[in-house]
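Reader: Hi! I have a protein model open and I'm not sure where to begin. Could you walk me through it?

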Amino acid sequence: MARGSRRQDSPRRRNRDRHGRGLRGPLYPATLPAARSRAERFDALVIEALEPIEARWRTELTQLDVAVDDVPDVQVEGEDGVVEDGNVPLARLLPAGEDHRSRIVLYRRPLEARAKDGADLSDLVHDVLVEQVANYLGLDPDVIDEG
């Protein structure tokens, strides 16, 4: 029989176990925090940073949404409501429009790139979120952050 050809009567093995180590599966069970993706961990970090701000300013923030995007759009340069590091936006405040409420958009990848570790990322997300909420409310960031 020529190399690469198969006999018609032999069934094809679908799940190969080349080296005898068993079938591949998830590295961690889905119930453990290590099984979450980077994006899911970042979303949890944003929610954690937003909770104390929202607890204090709940009535003022009823018309505000907070969203996370991976990277900023190219056309955001020079716009109001943008918190940037150098020329790369870290977050953006979008005013209310006809079809949506006001929205703060945090950009995950630029924020992660500027953080040294998890604690630094948590502080950076908190600082950027405080600055954006202060911008939305027209207040000083120190007023938002106290408490």
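Author: Happy to! Let's start with a term: a residue is buried under 20% relative accessible area, exposed over 50%, and partly exposed in between. Asp 65 has a relative accessible area of 29%, so Asp 65 is partly exposed. Keep in mind that this is a predicted model.

Reader: Cool. Which residue does the side chain of Asp 65 meet in a salt bridge?

Author: That would be Arg 101, at 2.4 Å from N to O. Asp 65 sits in strand β1, while Arg 101 is in the loop between β3 and β4, 36 residues apart, and the pair links distant parts of the chain. Arg 101 is partly exposed too, with a relative accessible area of 34%.

Reader: Why would two side chains pair up like that?

Author: Side chains of opposite charge can pair when their charged atoms come close.

Reader: Makes sense. How many salt bridges does the structure hold?

Author: There are 4. In one of them, Arg 38 of helix α1 meets Glu 112 at 3.0 Å, N to O. Glu 112 belongs to helix α2, 74 residues away from Arg 38.

Reader: Are those two buried or partly exposed?

Author: One of each! Arg 38 is partly exposed at 49% relative accessibility, whereas Glu 112 is buried at 15%.

Reader: What else does Glu 112 pair with?

Author: Arg 108, in a salt bridge of 3.1 Å, N to O. These two are 4 residues apart in helix α2, which means they are separated by about one helical turn. Arg 108 is buried, like Glu 112. Together with Arg 38 and Asp 70, they are linked in a network of salt bridges.

Reader: New topic: what's in the largest nonpolar core?

Author: It has 25 residues, and those with the most contacts inside it are Ile 53, Leu 106, Leu 111 and Val 125. The elements giving two or more residues to this core are α1, β3, β4 and α3. Helix α3 provides the largest share, with 8 residues.

Reader: And the surface? Where does negative charge gather?

Author: There is a surface patch of negative charge that includes Asp 117, Asp 123, Asp 127 and Glu 131. Helices α3 and α4 each give two or more residues to the patch, and α3 gives the largest share, 3 residues.

Reader: How exposed is Asp 127?

Author: Asp 127, which is found in helix α3, counts as partly exposed at 44% relative accessibility. So α3 contributes to the negative patch as well as to the nonpolar core, taking the cut-offs for buried and partly exposed from earlier.

How values were computed: Residues numbered from 1 in each chain as written. Predicted model: local features only at pLDDT ≥ 70, side-chain atom pairs only at ≥ 80, totals over all residues. Heavy atoms only, no water. Patch = residues over 30% accessible without salt bridge, like charges linked within 9 Å, V, L, I, M, F, W, Y side chains within 5 Å. Areas by Shrake-Rupley, 256 points an atom, 1.4 Å probe, with all protein chains shown as cover. Lys, Arg positive; Asp, Glu negative; His and termini not counted. Charge placed at Lys NZ, Arg CZ, Asp CG, Glu CD. Buried < 20%, exposed > 50% of the residue type's maximum accessible area, 1.4 Å probe, protein only. Core = buried A, V, L, I, M, F, W, Y, C linked by side-chain atoms within 4.5 Å.
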